[in-house]
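Work through the exercises below with the sequence and the model open. Try each task before reading its solution.

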Amino acid sequence: MRDHLVFYLNGTRRRVEGTATFSTLTEYLRDDLRLVGTKVVCAEGDCGACSVLVGRPAANGLEYRPIDACIAFLHQLDASHVVTVEGLAHPRLGPGGLARNGELHPVQRSMIDGYGSQCGFCTPGIVMALAGHFEAGGTSAREALTGNLCRCTGYWQILESAAAVDPATVPQLAELYPEATMLDELRAAERDEVRIAAAQRELYLAADLEAACRFKVEHPDCLVVAGATDVAVRRNKGAPEPDAVLGLGRRIAGFVDAAIEGDVLHAGAGATWSHLLELAGARVPALGEILERFGAPQIRNAATIGGNVANASPIADSLPFLYVMGAVVELVGPAGTRRVPIESFYRGYKKLDLGSGELIAGLEIPLPKRGDDLRLYKMSRRRALDIASFTAAVLMRRSGDTVASVRLAYGGVGPTVMRLPRAEAFLAGRSFTADTMRHAGEIAAGEITPWSDVRGSETYRRRLAENVLVKFFHDVTGPEPAPFEPFVRDPLPAVYRPGTPPPAG
């Protein structure tokens, strides 16, 4: 058992002990190491100024993905390689043995040549997001930049700079940082159990779920951390520091894995939304489209399905889908394992059917079958990167022009996500027409208990509850939508540049 963290930072091995292990990555970089290129603006993971690349052991070496460092705890980086903006220009040999001698990364050079920066505060995060984009061989720089805000430059010059980069000139991080010195140690460290006590606080990185449950029994008020995209925000905004932290992650067998077997998606609680999007987005287009709005790549690369379920928000983006598909939550605890239908898992606002010492181990999610019509809806003030005002899922099977079966779930209309049994019963066996769906919407509006808040009034939410079923009718009966393709290419000329004629159409 280790009593310290081990990871690499820009190719240099780091060992961290004591209270520093509870800090965020940005605090460690900026305060402890004075690597101030990684900026902090929002401390919520919204602006991307703190973007870094994190490499974790995979089958063929280290796999790098961008994350928001401001909402990543340092202990989550154990057994990984972190690359910051300072590490992109590195005095090692590049392709063909040409000495790089600290020359700028092609993305950095292009941002300078293309005037992609003014005040520069957002620029390091933009550079890191684009570097990650080229590292992964992505096709859409826009998609890569959805998690990065720029208030002064304007995105045209940034996108021009991205388009000007020749992918053939971009070195892979394995060229800048040969993996032979890191990979074996990181793979071994990833299997270690870690327990750190400092200043009357305790951190435990469990190597299996049974040990994690024992720690939770011993520390019933411990903070459970997997992706941290919610709990780290609350910590940054002043939430009390916990005395005990239980970290769950890749060292637990199967915890971050996901696979489709037949018509069922099996997801470990630590599976990230990026993984699930890549795995199931094309298979379930409605899910793929909603996951692309779930958050920026930096968020999706860290946030987990188990965390979204455990957070128990009535406007969680995933829950209406999980409700209509009849997902089952797999739990493990001191008494063993048990399975709970997701509708039974929530007992009220933020109240879970989770016993003492129990943890979410994974989910079993049936997928739509041939002939099923599934649509997922999210209403928010911004199309992307925003908290929902209202969410809905509709799963319908028809026999000719008749509704054979239907499952409805709405979010943002009560203390939990709600099924709508009266509307479902009304629709079963009726003709599938706009009038039928309009009447069902009126019934649905009477089943919910919405509230008024900054994201919408009670009246607004009831109107959405009515209209979304009519929208479903037109979505299903209208022109066949194009197949969903994650990270679809979005050509630069489609961008509207102020002062030029608008694009055709």
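Three exercises follow, on a helix, a sheet and the nonpolar cores.

This is a predicted model, where local features need pLDDT of at least 70, side-chain atom pairs count only at pLDDT 80 or more, and totals for chains, interfaces and linings use all residues. Residues are numbered from 1 along each chain as its sequence is written, and side-chain values use heavy atoms, with hydrogens and water left out.

**Exercise 1.** Check the span of helix H17 (residues 434-447).

Step 1. Helices (H or I, at least four residues) and strands (E, at least two) are DSSP runs, numbered from the N terminus.
Step 2. The expected span is 1.5 Å times one less than the number of residues.
Step 3. H17 has 14 residues, so it should span 20 Å; its end C-alpha atoms are 20 Å apart, which agrees.

**Exercise 2.** Find the edge strands of the sheet S17-S18-S19-S20.

Step 1. Strands pair if DSSP finds at least two bridges between them.
Step 2. The 4 strands form an open, antiparallel sheet.
Step 3. S17 (372-379) and S20 each pair on one side only, which makes them the edges.
Step 4. S17 and S18 pair over 8 bridges. Asp-372 stands opposite Arg-397 in S18.

**Exercise 3.** Describe the largest nonpolar core.

Step 1. A nonpolar core is a set of buried (under 20% relative accessible area, 1.4 Å probe, protein chains only) Ala, Val, Leu, Ile, Met, Phe, Trp, Tyr and Cys residues joined through side-chain atoms within 4.5 Å.
Step 2. The largest has 91 residues. Helix H14 (residues 319-325) gives the largest share, 6 residues.
Step 3. Apart from it lies another core, of 31 residues, among them Tyr-64 and Leu-130.

Note on methods. Buried means under 20% relative accessible area, exposed over 50%, partly exposed in between (1.4 Å probe, protein chains only).
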